[in-house]
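User: Could you walk me through a few features of this structure? I would like to learn how to read each one.

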Amino acid sequence: AVVSTQSTGEKPETGCYISGLFLEGARWSNENHALTESRPKELFTDMPVIRLIPIPDRVAPTTGMYICPVYKTLTRAGTLSTTGHSTNFVMPLELPSDKPQEHWIKRAVALICALDY
């Protein structure tokens with residue numbers, strides 16, 4: 001769940017907070033609480049704080065979500081590990097969206113941990 005634009009400063013009872021990520025190829029809409037198109041000439045936007053909540057045996061939704069890859073750096077390439085993922089790949093995150101998965105894949109939307117500049 002995306003929490004807010006500001007860090008809460010408190011430890012959650014379950015799960016954890018993630019902050020400091022950058023969204024490439026799209027932006028987060030605080031009004032709709034979902035991904036939306038980037039503004040013109042806007043390459044990266046700050047992602048609000050995200051709360052990860054572990055749920056055992058959870059069935060992932062088939063619609064209304066974009067499975068967004070998280071990468072360490074802008075260079076998405078890395079060496080392939082034994083899992084078949086790039087060493088630059090961190091994890092997938094489900095982000096709410098009113099558009100289908102293919103829409104965001106064509107725009108190469110991803111979350112980035114650190115920008116190169």
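Analyst: Gladly; we will take aromatic rings, nonpolar cores, a serine and the cysteines in turn. Please keep in mind that this is a predicted model.

User: How many aromatic pairs does a search of the whole structure find?

Analyst: The search finds one. As a general idea, a pair of aromatic rings is described by the distance of the centres and the angle of the planes. Here the ring centres of Tyr71 and Phe89 are 5.9 Å apart and the planes meet at 75°, so the pair is edge-to-face, the class for angles over 60 degrees.

User: Where in the chain do Tyr71 and Phe89 sit?

Analyst: Tyr71 belongs to strand E8 (residues 65-73) and Phe89 to strand E9 (residues 89-96), so to speak two distant parts of the chain, linked by a pair whose members are 18 residues apart. Both Tyr71 and Phe89 are buried.

User: Which residues have the most contacts inside the largest nonpolar core?

Analyst: The general idea comes first: in soluble globular proteins, nonpolar side chains tend to be buried together. In this model the largest nonpolar core has 16 residues, and Leu21, Leu23, Leu35, Met47 and Leu111 have the most contacts inside it. Strands E8 and E9 each supply at least two residues of this core, with E8 giving the most, three residues. Another core, of five residues, lies apart from it; Tyr71, Phe89, Ile112 and Leu115 are among its members.

User: What does Leu111 touch, not counting residues up to four places away in sequence?

Analyst: Its partners include Leu21, Leu23 and Met47, along with Cys68, Pro69, Val70 and Tyr71. Leu93 and Leu95 are also touched by Leu111.

User: Now a polar residue: is Ser29 buried or exposed?

Analyst: Compare its relative accessible area with the cut-off: buried means under 20%. Ser29 has 4%, so Ser29 is buried. This serine is found in strand E4 (residues 27-29).

User: What does the side chain of Ser29 meet there?

Analyst: A 3.4 Å polar contact joins it to the side chain of Glu31. In addition, a polar atom of the Ser29 side chain lies 3.1 Å from the backbone nitrogen of Asn32. Beyond its neighbours within four places in sequence, Ser29 is in contact with Ala34 and Thr36.

User: Last, how many disulfides are found in the whole structure?

Analyst: Zero. Accessibility can still be read for individual cysteines: Cys68 counts as buried at 0% relative accessibility, whereas Cys113 is partly exposed, with a relative accessible area of 34%.

Terms used
Residues numbered from 1 in each chain as written. Predicted model: local features only at pLDDT ≥ 70, side-chain atom pairs only at ≥ 80, totals over all residues. Heavy atoms only, no water. Phe/Tyr/Trp six-rings, centres within 6.5 Å; stacked < 30°, edge-to-face > 60°. Helix = DSSP H or I, 4+ residues; strand = E, 2+ residues; numbered from the N terminus. Buried < 20%, exposed > 50% of the residue type's maximum accessible area, 1.4 Å probe, protein only. Core = buried A, V, L, I, M, F, W, Y, C linked by side-chain atoms within 4.5 Å. Contact = heavy atoms within 4.5 Å. Polar contact = N/O pair within 3.5 Å; in protein donor to acceptor, adjacent residues only side chain to side chain. Disulfide = S-S within 2.5 Å.
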